[in-house]
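Open the structure in your viewer and keep the selection tool handy. We will go from stop to stop, and at each one you will hear what to select and what is there.

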Amino acid sequence: MQKNSDKHVAREFLLRQGRQLLAIAIAVFLVLLMAVLYKRHDLTGTFSDSALVTAQLVVITAFIGFTAFNWRCPKCKKYLGPNISSRVCRHCRTRLR
Ligand SMILES: [Zn+2]
């Protein structure tokens, strides 16, 4: 049987993982959308190339910032690394799920 703090860590990790997956989906969608808009000027007469490039950089920067804030171990608060489905924290070895 799991201890209460273990359940809390697992629940918090699931929340963070859900937010992270959502952020990845949104960031990929926006970057791809802007890449299409960049190629198809007939769709976007009003946006300049530099505006689209700037918007992509803003999306990527926001995604990196969000990841740095969100993608942390619920227990030791250290960055979890690139593996979205990791089972243990590589810093404190806490079981995440
Ligand atoms: Zn940890």
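Select Arg16 and Glu12 and show their side chains: they meet in a salt bridge, with 2.9 Å from N to O. Keep in mind as you look that this is a predicted model. Side chains of opposite charge can pair when their charged atoms come close. The structure holds one salt bridge, so you have found it at your first stop. How far apart are Arg16 and Glu12 along helix α1? They are four residues apart, so about one helical turn separates them.

**Stay on Arg16**

Is Arg16 buried or exposed? Its relative accessible area is 10%, and because buried means under 20%, Arg16 counts as buried. Now leave Arg16 selected and show what it touches. Leaving aside residues up to four places away in sequence, its contacts are Phe69, Asn70, Trp71, Arg72, Pro74 and Lys77. Two of these names, Trp71 and Lys77, will come back later in the tour.

**Along helix α1**

Next, select residues 4-39, which make up helix α1. Try a small check with the distance tool on the C-alpha atoms at the two ends. At 1.5 Å a residue, the 36 residues of α1 should span 52 Å, and the end atoms are 53 Å apart, which agrees.

Now colour the buried residues of α1: Val9, Ala10, Glu12, Phe13, Arg16, Gln17, Gln20, Ala23, Ala27, Met34 and Leu37. Both partners of the salt bridge, Arg16 and Glu12, are on this list. What do the buried residues of α1 pack against? Show helix α2, residues 49-70, and you have the answer: they pack against α2.

**A pair of rings**

From that list, pick Phe13 and add Trp71 to the selection. Their rings form an aromatic pair that is tilted, with 5.7 Å from centre to centre and 40° between the planes. This is the one aromatic pair in the structure. Phe13 lies in α1 while Trp71 lies in the segment after α2, so the pair ties together parts that are 58 residues apart in sequence. Switch on a surface and look for the two residues: Phe13 is buried, at 0% relative accessibility, and Trp71 is buried too, at 2%.

**The zinc ion**

Now select the zinc ion. Which residues coordinate it? Show Cys73, Cys76, Cys89 and Cys92, which each offer their SG atom, at 2.2 to 2.4 Å. The angles among the four donor atoms run from 106 to 114°, and the site is tetrahedral. In the sequence, look for the spacing of these donor residues, C-x2-C-x12-C-x2-C.

Compare two of the donors on the surface. Cys73 is buried, with a relative accessible area of 0%, whereas Cys76 counts as partly exposed, at 27%.

**Two backbone angles to finish**

Select Lys77, the residue you met among the contacts of Arg16. Lys77 is found in the segment after α2, and its phi is near 65°, a positive value in a residue other than glycine. At 46% relative accessibility, Lys77 counts as partly exposed.

For the last stop, move to Arg93, which is also found in the segment after α2. Its phi is near 65° as well, again a positive value in a residue other than glycine. Is Arg93 buried or exposed? At 56% relative accessibility, Arg93 counts as exposed.

Terms used: Residues are numbered from 1 along each chain as its sequence is written. This is a predicted model: local features need pLDDT of at least 70, side-chain atom pairs count only at pLDDT 80 or more; totals for chains, interfaces and linings use all residues. Side-chain values use heavy atoms; hydrogens and water are left out. Rings of Phe, Tyr and Trp (its six-membered ring) pair if their centres lie within 6.5 Å; planes under 30 degrees apart count as stacked, over 60 as edge-to-face and the rest as tilted. Buried means under 20% relative accessible area, exposed over 50%, partly exposed in between (1.4 Å probe, protein chains only). The expected span of a helix is 1.5 Å times one less than its number of residues. Contact means heavy atoms within 4.5 Å. Donors are N, O and S atoms within 2.8 Å of the metal (3.2 Å for Na, K and Ca); water is not among the atoms, so sites may look incomplete. Four donors count as tetrahedral if all angles lie between 85 and 135 degrees; four count as square planar and six as octahedral if opposite donors are over 155 degrees apart and all others between 65 and 115; anything else is irregular. A salt bridge is a side-chain nitrogen of Lys or Arg within 4 Å of a carboxyl oxygen of Asp or Glu.
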